[in-house]
Amino acid sequence: MADRTVLHVDMNCFYASVEMLHRPQMRHVPMAVGGDPQARHGIVLTANYLAKRQGGKTGMALWQARQVCPDIQFVPPRMDLYLRFSRMAHEIYQEYTDLWEPYGCDEAWMDVSGSCSLMGDGLTIAQDISRRIKSELGLTVSIGVSYNKIFAKLGSDYKKPDAITTMGREEYRTKAWPLPVGDLLYVGKSTERKLQSMGIRTIGELAQMEEKYLKSRFGKIGLVLHSFANGWGDFPGQRGHTRLPDSPVKREHTHAPIKSIGNSTTTPRDLETDEDVKIILYVLAESVAARLRENGFKCHVVEISVRDNALHHFTRQHKIDRPTNITAEIAQEAYRIFRATYQWEKPIRSLGVRGAELTLDHAYEQLDIFCDYTRREKQEKADAAVDEIRKRFGYFSIQRGLMYQDKLLSSLDAKGSHTVHPQGYFS
């Protein structure tokens, strides 16, 4: 059976690159996207290469980034803008194959095996995609070309920015195996430390370890990582035995390009009653639901996060009966979860609401004879009308009656602090 031809396309410093298109003055200074520069809190979501060369890294607190890079400039994130560029990139990908699978909003795998006879080999297609992203979107990409998803991703990480790296069967031992084991997908900091304590520092050393030993130390994930390191895809196998096939690239439009959309906020004052919490949950749910609608998603799971004034924190989630982007349904479910789990031992300092397990809003769903679809349709139309009014006249131009019970708590426009989470590999 012939090998597949799989590409992994990674848009370089995506958020920062998009911002530099819209803020040309930022192109020649260290800059980062993230947090709230005025309130001096939050983390770096993406830094440009000038900032990275001085030590600025994704995940750093803003104050830490300023310590290592005193001249760094911060800009707040604009997720709608980034998702728009993401969709434009996806439109380019689908001209080459219908087998493309997003991994976050700035990365995607593409299986171009069926296109090679018309468009050239994987390297030729990668070069064409790189050229088009640069000329049509003004961004650069790094692309890995391989025979499976894992090594294609290693290839896109191998050299940046604006580079193409092949990682074929005849070359992965010389290219992939000398890399640090932490470069392998799903080897986090904790796993990397544990592997290093076992004397495993490179991907090649992991590939040559005994599977039984790895399983005894890590369980099933040890076999998965061993399979990754050997280029067997995402399924564990035994030497000398028939292995399951590599993970295929999913067909376009079968799942959302991001994993969840959520908002959280530190409240203007400590929350002391259920009514206080209800106001904030509705504010957050309005933001989450509006973002879902704007970007064409529905969620299957509603999650809340709660932090009290002693900084004790917990999250709870529940899978709902049918996917939704209706504000009232998300808010009511969030409030139900809160009432079922919080005992009011201490006042609350911050709350969060998240919609997870996203699906595209036009995806098919099983109908339920007990659901009032007429009522849901009316709620969807009402939400769409509110969205349009706020788009034209501002967020505070239309408010729920609930918000007038406490003007301080309802003064938050949570939509501006929206966060996007990447799609998991095993989803």
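This is a tour of one protein chain, with selections to make in the viewer and a note on what each one shows.

**Before you start**

The model is predicted, so local features are taken only at pLDDT of at least 70 and side-chain atom pairs only at pLDDT 80 or more, while totals for chains, interfaces and linings use all residues. Residues are numbered from 1 along each chain as its sequence is written, and side-chain values use heavy atoms, with hydrogens and water left out.

**Stop 1: the whole chain**

Show the chain as a cartoon. Its secondary structure comes to 15 helices and 13 strands. Helices (H or I, at least four residues) and strands (E, at least two) are DSSP runs, numbered from the N terminus. Of the 427 residues in the chain, 51% are buried. Buried means under 20% relative accessible area, exposed means over 50%, and partly exposed lies in between (1.4 Å probe, protein chains only). Among contacts between residues at least 6 apart in sequence, 67% join residues at least 24 apart; contact means heavy atoms within 4.5 Å.

**Stop 2: helix α1 and its surroundings**

Select α1, residues 14-22. Is this helix enclosed or open? Seven of its nine residues are buried, so α1 is largely enclosed by the rest of the structure. The buried ones are F14, Y15, A16, S17, V18, E19 and M20. They pack against β1 (6-11), β2 (31-33), β3 (46-47), β4 (73-75) and α4.

Now add α4, residues 79-93. Two packed helices are described by the angle between their axes and the distance between the axes. Here the angle is about 100° and the axes are 10 Å apart. Axes are lines fitted to C-alpha atoms, for helices over the stretch in contact, and angles run from 0 to 180 degrees between N-to-C directions. α1 and α4 are therefore roughly perpendicular (65 to 115 degrees; under 35 is roughly parallel, over 145 roughly antiparallel, and the rest oblique). On the α1 side, the contact is made by F14, Y15, V18, E19, L21 and H22. On the α4 side, M79, L81, Y82, R84, F85 and S86 take part.

**Stop 3: V33**

Select V33, which is in strand β2. At 0% relative accessibility, V33 counts as buried. Not counting residues up to four places away in sequence, V33 touches several residues, including Y15, A16, E19, V75 and Y82. Measure from V33 to F14 in the viewer: the C-alpha atoms are 9.9 Å apart, with the two positions 19 residues apart in sequence numbering.

**Stop 4: aromatic rings**

The structure holds 14 aromatic pairs. Rings of Phe, Tyr and Trp (its six-membered ring) pair if their centres lie within 6.5 Å; planes under 30 degrees apart count as stacked, over 60 as edge-to-face and the rest as tilted. How are the rings of Y15 and Y82 arranged? Their centres are 4.4 Å apart and their planes are at 15°, so the pair is stacked. The pair links distant parts of the chain, with Y15 in α1 and Y82 in α4, 67 residues apart. Y15 and Y82 are both buried.

Next, select Y147, F151, Y172 and W177, which ring pairs link into a cluster. Add R169, which lies over the face of Y147 at 4.0 Å from the ring centre. Then go to W109, where the charged end of K149 sits over the ring, 4.9 Å from its centre. A charge sits over a ring if NZ of Lys or CZ of Arg is within 6 Å of the ring centre and within 35 degrees of the ring normal.

**Stop 5: salt bridges**

A search of the whole structure finds 25 salt bridges. Each is a side-chain nitrogen of Lys or Arg within 4 Å of a carboxyl oxygen of Asp or Glu.

- K134 and D162 meet at 2.8 Å, N to O. K134 is in helix α6 (residues 122-137) and D162 in the loop between α7 (149-158) and β8 (164-167), 28 residues apart. K134 is partly exposed at 40%, and D162 is partly exposed at 34%.
- D157 and K153 have their closest N and O atoms 3.7 Å apart. Being four residues apart in helix α7, they are separated by about one helical turn. D157 is partly exposed at 34%, whereas K153 is buried at 11%.
- R400 and E286 have their closest N and O atoms 2.9 Å apart. R400 is in the loop between α15 (373-393) and β13 (419-422) and E286 in helix α13 (residues 274-294), 114 residues apart. R400 is partly exposed at 27%, while E286 is buried at 6%.

Last, select D10, E107, K153, D157 and K160, which salt bridges with shared partners join into one network.
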